[in-house]
Amino acid sequence: MPRPKLIRKVSNPPNFKGFKPIGGPENTHVVVMNYEEYEAIRLSDYELFGQMRASSQMGISRSTFARIYESARRKVALSFTQGLPIVFEGGKVYFDSEWYQCNDCGSLFNHHDRETLANECSLCCSKNIEQFSDESDDVSERNLKCK
Amino acid sequence: MKVAITSTGNSTDAVLDSRFGRCSWFIIYDTELKSTEFIPNPNIDSIEGAGIASARLIASKGAEKVISGEFGAKVKGVFDSLNIKLIVIKEENKTIKDIIKLFQK
Ligand SMILES: [Zn+2]
């Protein structure tokens, strides 16, 4: 059985779809950057978090963070030097702050209204819920890497 | 309220299909009527866009919530814009019957 996919947190998804170079010829190619890569650059080079803090913020191991960050930088470099547009696209990402976990049935569920807190499980209606965090997944990934 | 559940088979004894866009069956469960409708996923062999097409199918059935093992970010965005709530069950081998029972608590 495959291990469930990690849920990587992106707290601030971009509210625009990408970038276009100014002038130059029309491009037929684009660089597709996923939200995880965007978030890795934002945390590292905009928030100036160290890799440790940035990786824990995204809920992933440091080695995974390093890989995502490296890929992101290469994409930025490719776009800059070749004058290619960047288009943002989703990987396996759930946006932070609106996901909850139910302590009764174990499901995860989202809540659309960011202004209010969810008060019951979307599935079983239990009130025993908490905002979702996936530290356990991160640990299991680290353990796998050590083996 | 109608709820869509991704299923590996066309009976409530089947287990949850962990893939959303490429699941085998969609089950539309009506919590008031306690009725189930089984829809084979027409997008199972699509090269791309299976998630989005499946999201539209579910919306056309009037579901307010959808249950699966995982959702990609694109699909999540589509459901957000349709105001359809997502529920993720990570536990493997959970049967549709067991999931439906949770709604009846
Ligand atoms: Zn619950």
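A:Cys121 is buried, with a relative accessible area of 1%, in this predicted model. Buried here means under 20% relative accessible area with a 1.4 Å probe, counting protein chains only. A:Cys105 is buried too, as the table shows.

| Residue | Relative accessible area |
|---|---|
| A:Cys105 | 12% |
| A:Cys121 | 1% |

Both cysteines serve the zinc ion, whose protein donors are the SG atoms of A:Cys102, A:Cys105, A:Cys121 and A:Cys124, lying 2.3 to 2.4 Å from the metal. Donors are N, O and S atoms within 2.8 Å of the metal (3.2 Å for Na, K and Ca), and water is not among the atoms, so sites may look incomplete. The angles among the 4 donor atoms run from 106 to 113°, and the site is tetrahedral, a label given to four donors if all angles lie between 85 and 135 degrees. Along the chain, the donors follow the spacing C-x2-C-x15-C-x2-C. A:Cys105 lies in the loop between β6 (99–102) and β7 (108–110) of chain A, and A:Cys121 in the loop between β7 and β8 (129–131), so the pair ties together parts that are 16 residues apart in sequence.

Now to chain B, which has 3 helices and 5 strands in the order β-β-β-α-β-α-β-α. These are DSSP runs: helices (H or I) of at least four residues and strands (E) of at least two, numbered from the N terminus. Of its 105 residues, 49% count as buried.

Residues are numbered from 1 along each chain as its sequence is written, and chains are lettered from A and ligands numbered from 1 in the order in which they are written. Local features need pLDDT of at least 70, side-chain atom pairs count only at pLDDT 80 or more, and totals for chains, interfaces and linings use all residues, while side-chain values use heavy atoms, leaving out hydrogens and water.

Technical notes
Buried < 20%, exposed > 50% of the residue type's maximum accessible area, 1.4 Å probe, protein only. Tetrahedral: all angles 85-135°; square planar, octahedral: opposite > 155°, others 65-115°.
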